[in-house]
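Visitor: I would like to learn how to read the surroundings of a bound molecule. Please take me through it one term at a time.

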Amino acid sequence: MKVIEKVIELDGFLASFRAGKKVIGFVPTMGALHRGHLSLVGKCREECDVVCASIFVNPLQFNDKSDFAHYPRTLESDLEMLENAGCDLVFVPDVNEMYPVQENKSYALGEIENVMEGKYRPGHYQGVARVVDRLFAVVRPARAYFGAKDYQQIMVIKKMIEITGHDTEVEICPTVREHDGLAMSSRNMRLSEAERRSAPAIYMALSALPDIIRSNGIEGAYDWFANYINNVPFLSTEYIQVTASDTLMPAGSAEKGQLLAIFVSVFCGKVRLIDNIFFVL
Ligand code: AMP
């Protein structure tokens, strides 16, 4: 597995594959890897000729400075995991390599950047669009793999592709969970043992919601969720939103047969965790 820090070197490495019309697959990450990330690498390995991953903790997508400072960084074990997962190439740029010129780019992402994560993390999705735009421009992948845990991010990336015209297919992989249901996340490493014991309640409550919506309606389900979560030690609800499954815009009413999704953000101590499920009402 090749580890590359510079764009120019990356371009050189990929040139022969491009010339040979090989399918380049790409898995962008911020490192602190776990089985969720590796599931994307595995799918990419199955479907592509060349598997390229990247590790870059993107300062532009952190609206909270302390979150950026505390984001786990475990490069050595990340590289070992990627090599074992069959990755061919890892791009590990520094911030100057990613953003060589000072630019105030902005993307017309539409309403998707004003709801849920966009609302609670102002500027986050502009940062995500910017970093993925730049990564796509240098890797030029035929296919890129993303996890459903960050489903709103996928919508943003699809919008960015529409705006920029990158020739890349977005592949969506299911959320990988711990045995107790907790969605795998790099931030889980920051939980204390006691907090970690509380965290599975998030998915437990989320999974119960479709039935609660069926009996109590959407507003009743919001109350139920916040009440349930806020009574678990260390947990507090930041938001819960029921949406249409295709647009991720808020669902006003609930009718049988509707395709819906539920998105939540919950603090576990100081660590912010998100999760979502899709279901038919
Ligand atoms: P991150 O390193 O958090 O930026 O995540 C890199 C990619 O891995 C994104 O596409 C995430 O959606 C995906 N990912 C993170 N956690 C999981 C998970 N538990 N299951 C599946 N994909 C995940």
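Guide: Start with residue classes: Ala, Val, Leu, Ile, Met, Phe, Trp, Tyr, Cys and Pro count as nonpolar, Asp, Glu, Lys and Arg as charged, and the others, Gly among them, as polar. The shell around the ligand has eight nonpolar, six polar and two charged residues. This is a predicted model: local features need pLDDT of at least 70, side-chain atom pairs count only at pLDDT 80 or more, and totals for chains, interfaces and linings use all residues. Residues are numbered from 1 along each chain as its sequence is written, and side-chain values use heavy atoms, with hydrogens and water left out.

Visitor: How many residues surround the ligand, and which are the closest?

Guide: A residue is near a molecule if one of its heavy atoms lies within 4 Å of it. Here 16 residues surround the ligand, and M30, H37, D150, V176 and M184 are the closest.

Visitor: Which polar side-chain atom lies 2.6 Å from an oxygen atom of the ligand?

Guide: A polar contact with the ligand is a pair of N or O atoms within 3.5 Å. The atom in question belongs to D150. A backbone N or O atom of V176 lies 2.8 Å from a nitrogen atom of the ligand, and one of G147 lies 3.0 Å from a ligand oxygen atom.

Visitor: How much of the ligand's accessible area does the protein cover?

Guide: Accessible areas come from the Shrake-Rupley method with a 1.4 Å probe. The ligand has 480 Å² on its own, and the protein covers 93% of that.

Definitions and conventions. A polar contact is a pair of N or O atoms within 3.5 Å; within protein, one must be able to donate a hydrogen and the other to accept it, and residues adjacent in sequence count only if both atoms are side-chain atoms.
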